[in-house]
Amino acid sequence: MTEPRTRQVREDEAHAWEALVATARRTVADGLVVGTSGNVSVRVGDTVLVTPSGVPYDRLTPDDVTGVGLDGRQVLGTAAPTSELPMHLAVYRSTGARAVVHTHAVHATAVSTLVAELPLIHYMAAALGGPVRVAPYATYGTDELAENVLRALDDRSGCLLQNHGTLTHGATLDQAYDRTAQLEWMCRLWLTASSVPGRTPSLLTPAQLTETTARLTTYGQPA
C-alpha cells in the first residue's frame, strides 16, 4: 500500500504534538483509559493533530506525529489516525473547539448505560454548559456516532457516549482534559450517592445551576 504524501512538521505543530502526547499519557496515568482506548486531538490552524490508531501512548515519539486537514485528508505522518477521527472532525467543524479528549472512563461509562442525562448532582455541571447529555449508542468510528455526539454537545462542552465513554472539548488541551476529569468525578459522585440503600440523592434545580453559571464567569484570577 502506498504511504500517504505528507508535508514537513511546523514548529508550532511539533510543540502541539508534544502537549498532545503528554495529555494522552495523562489519561492512562489517571485511569481514564486502558491500553490504547480513547483518543486525543488538538487543532493547529486548519490541521488537526490526533493520536494514531492502536499505538500505546508511552511509545509515541516526535516522529509519530499524525495530522489531518478538516476534510480528513492526512497531511502529517504516515500512521493511521484514530478510528474515532470522524467524531473529532465533526466537533471541530461545528464548534470553536481547539482540543478534544475522548476516554472510556469507568464511572462515566457506567452512568451512560443508566440514564439519558447525568442528573444535576453537582453545580460543576455548569462548567460543561449545563446538564450533561448521553449520546445514543452507535458503532465506534462511524458518522452516525459523530452525529449523535454533536446533538448531545449542543450548547455543551462535554457529553457521555452510551455504553462507550466521554467526550469533552475546550480552548486548550488542559481545559478539555480538566472537563473530562470533572465529568468523570461527577459521574462517580452520582453513582456513589445513588448506591446508598433507601436513600435518593438530592439534586440541584435549573435555577440553582443558572446561578452557578453566572458566578463561574468571575471565578479564578483576573486575566
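In this predicted model, helix H2 (residues 85–94) and helix H4 (residues 143–152) pass one another with their axes within 8 Å, crossing at roughly 40°. Two packed helices are described by just these two quantities, the angle between their axes and the distance between the axes. An angle of roughly 40° is neither under 35 degrees nor in the range 65 to 115, which means that H2 counts as oblique to H4. The crossing of H2 past H4 is right-handed. On the H2 side, the residues that take part are Pro86, Met87, Ala90, Val91 and Ser94, and they meet Asp143, Leu145, Ala146, Val149 and Leu150 of H4. A helix has 3.6 residues a turn, so residues three or four places apart point the same way.

The next feature to look at is the sheet. Eight strands make up an open, mixed sheet, and following them across gives the order S4-S3-S2-S1-S5-S8-S7-S6. At its edges lie strand S4 (74–76) and strand S6 (134–135), each of which pairs on one side only. S6 runs parallel to strand S7 (residues 158–161), to which it is joined by two bridges; in S7, Leu161 is the bridge partner of Ala135. Helix H1 (residues 11–29) packs on this sheet and touches strand S1 (39–44), strand S2 (47–50), S4 and strand S5 (99–103). The direction of H1 makes about 160° with that of S1.

Strand S1 deserves a closer look. Four bridges join S1 to S5, and the two run antiparallel; here Val40 stands opposite Val101 of S5. S1 is also antiparallel to S2, again through four bridges, and Arg43 has Val48 in S2 as its bridge partner. S1 and S2 form a hairpin with two residues between the strands, where Gly45 adopts a positive phi near 65°.

How many of the six residues of S1 are buried? Six of the six are, leaving the strand mostly covered. In a regular strand the side chains alternate between the two faces of the sheet. In S1, Asn39, Ser41 and Arg43 are buried on one side, and Val40, Val42 and Val44 are buried on the other.

Finally, helix H5 (residues 173–194) offers a simple check of geometry. Its 22 residues, at 1.5 Å a residue, should span 32 Å, and the end C-alpha atoms are indeed 32 Å apart, so the two values agree. Buried residues of H5 include Leu173, Tyr177, Arg179, Leu183, Glu184 and Trp190. The buried residues of H5 pack against H1, S1, S5, helix H3 (106–112), S7 and strand S8 (165–170).

Conventions: Residues are numbered from 1 along each chain as its sequence is written. This is a predicted model: local features need pLDDT of at least 70, side-chain atom pairs count only at pLDDT 80 or more; totals for chains, interfaces and linings use all residues. Side-chain values use heavy atoms; hydrogens and water are left out. Two strands pair if DSSP finds at least two bridges between them. Contact means heavy atoms within 4.5 Å. Axes are lines fitted to C-alpha atoms, for helices over the stretch in contact, and angles run from 0 to 180 degrees between N-to-C directions. Buried means under 20% relative accessible area, exposed over 50%, partly exposed in between (1.4 Å probe, protein chains only). The expected span of a helix is 1.5 Å times one less than its number of residues. Angles under 35 degrees count as roughly parallel, over 145 as roughly antiparallel, 65 to 115 as roughly perpendicular and the rest as oblique. A crossing is left-handed if the near helix is turned anticlockwise from the far one by less than a right angle, and right-handed if clockwise.
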